[in-house]
Amino acid sequence: MPAAGFPLKRPVGRALIVGSPSARSQPLAAMQALGFECAELDDPYAATAELARRPLVYRALVLSLTSLFREELSLIATLKRRLPHVEVWLTHIDSRQAALAEAMRHGADGLLGEDGALHRIAAGGVPTDASSAKPGVHAAAPVATPDPDPNDPADAPADQQPSDLSTGEPLLSAEELRALLQEEPALPPDGES
């Protein structure tokens with residue numbers, strides 16, 4: 001008797017959905033429909049700690065812009081430098097154009113639309129070739145981003161960017177990350193410029 005083969009539906013990968021409980025239901029359903037296994041968190045700092053603790057587990061991070069402060073978007077640049085294999089998708093972008101532009105400047109990969117599809121927005125304002133995109137990922141029109149900031153290390157040329165920490169250094173806790181982002185920058189003493 002010939003063996004019957006059953007098609008296996010394997011997950012595309014794991015996605016981490018970050019947002020308030022009410023903001024996570026739509027992205028959760030959309031990512032599951034695309035084949036992702038999903039985990040959910042309320043806090044972007046806890047999500048960063050989870051990604052740092054288990055760097056090879058997740059393939060995607062979905063951030064709800066309704067649940068983030070604009071200052072917290074700098075976590076995207078850190079994650080993209082440390083975990084380049086993790087794609088960062090934004091959702092709930094209505095009336096949040098400034099936050100969207102900031103997130104794209106920090107390296108977000110694209111948008112999770114209300115239609116449940118991933119819309120990739122290429123770096124440098126050039127849309128990706130839709131024929132080479134992953135299944136379920138559509139190229140979208142580029143989003144205008146502000147000019148590069150010469151004082152931002154993320155905007156520096158690649159040979160001038162700070163190097164990654166060695167793997168032996170301890171990771172920061174969610175509370176330490178929050179405290180670092182809330183600190184005021186040190187000002188030079190009077191008389192120095």
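How many nonpolar, polar and charged residues does the lining of the largest cavity have? The exercises below work on a predicted model.

**Exercise 1. Describe the largest cavity and sort its lining by class.**

Step 1. Count the cavities. With a threshold of 30 Å³ or more, the count comes to 1 cavity.

Step 2. Give the volume. The largest cavity takes up about 60 Å³.

Step 3. List the lining. The residues are V18, P44, A47, T48, L61, L63, L68, E72, L75, I76 and L79.

Step 4. Sort them. The lining has 9 nonpolar residues, 1 polar and 1 charged.

Step 5. Assign them to elements. At least two lining residues come from each of helix 2 (44-53), strand 3 (58-64) and helix 3 (74-82).

**Exercise 2. Set out the elements of the protein in order.**

Step 1. Count by type. The protein has 5 helices and 7 strands.

Step 2. Write the order. Starting at the N terminus, the elements read β-α-β-α-β-α-β-α-β-β-β-α.

Step 3. Check how far apart in sequence the contacting residues are. Of the contacts with a separation of 6 or more, 58% join residues 24 or more positions apart.

Step 4. Add burial and surface. Of the 193 residues, 35% count as buried. The accessible surface is about 11900 Å², and 56% of this surface belongs to carbon and sulfur atoms.

**Exercise 3. Find the largest nonpolar core and the elements that build it.**

Step 1. Start from the general tendency. In soluble globular proteins, nonpolar side chains tend to be buried together.

Step 2. Give the core and its centre of contacts. The largest nonpolar core has 24 residues, and those with the most contacts inside it are L16, L61, L63, I76 and L90.

Step 3. Name the contributors. Two or more residues each come from strand 1 (13-18), helix 2, strand 3, helix 3, strand 4 (87-91) and helix 4 (97-105). Helix 4 gives the largest share, 4 residues.

Step 4. Separate the other core. Another core, of 12 residues, lies apart from the largest one and includes A30, C38, V62 and L118.

Step 5. Follow one residue. Beyond its neighbours within four places in sequence, L61 is in contact with L16, V18, L51, L79, V86, E87, V88 and W89. L61 also belongs to the cavity lining of Exercise 1.

**Exercise 4. Work out which residues of helix 4 are buried and what covers them.**

Step 1. List the buried residues. In helix 4 these are A99, L100, A101, E102, A103 and M104.

Step 2. Identify the cover. It includes helix 3, strand 4 and strand 5 (110-112).

Step 3. Look just past the helix. There G107 has a positive phi of about 115°.

**Exercise 5. Decide whether T91 and D43 are buried or partly exposed.**

Step 1. Place T91. This residue is in strand 4.

Step 2. Apply the cut-off. Buried means under 20% relative accessible area. T91 has 2% relative accessibility, so T91 is buried.

Step 3. List its contacts. Leaving out neighbours within four places in sequence, T91 is in contact with Q26, P27, V62, L63, S64, L65 and L112.

Step 4. Place D43. This residue is in the loop between strand 2 (36-41) and helix 2.

Step 5. Classify D43. Its relative accessible area is 22%, so D43 is partly exposed.

Step 6. Examine its surroundings. Not counting residues up to four places away in sequence, D43 touches V18 and R178. D43 and I17 are 26 residues apart in sequence, with their C-alpha atoms 9.9 Å apart.

Methods: Residues are numbered from 1 along each chain as its sequence is written. This is a predicted model: local features need pLDDT of at least 70, side-chain atom pairs count only at pLDDT 80 or more; totals for chains, interfaces and linings use all residues. Side-chain values use heavy atoms; hydrogens and water are left out. On a 1 Å grid over the protein atoms alone, a cavity is a set of points where a 1.4 Å probe fits but cannot get out, and a pocket is an open set with protein on both sides within 12 Å along at least five of seven lines; lining residues have an atom within 4 Å of a point. Grid points are joined across faces, edges and corners, and a volume is the space filled by probe spheres set on the points. Ala, Val, Leu, Ile, Met, Phe, Trp, Tyr, Cys and Pro count as nonpolar, Asp, Glu, Lys and Arg as charged, and the others, Gly among them, as polar. Buried means under 20% relative accessible area, exposed over 50%, partly exposed in between (1.4 Å probe, protein chains only). Contact means heavy atoms within 4.5 Å. Accessible areas come from the Shrake-Rupley method with a 1.4 Å probe; for residues, only the protein chains shown count as cover. A nonpolar core is a set of buried Ala, Val, Leu, Ile, Met, Phe, Trp, Tyr and Cys residues joined through side-chain atoms within 4.5 Å.
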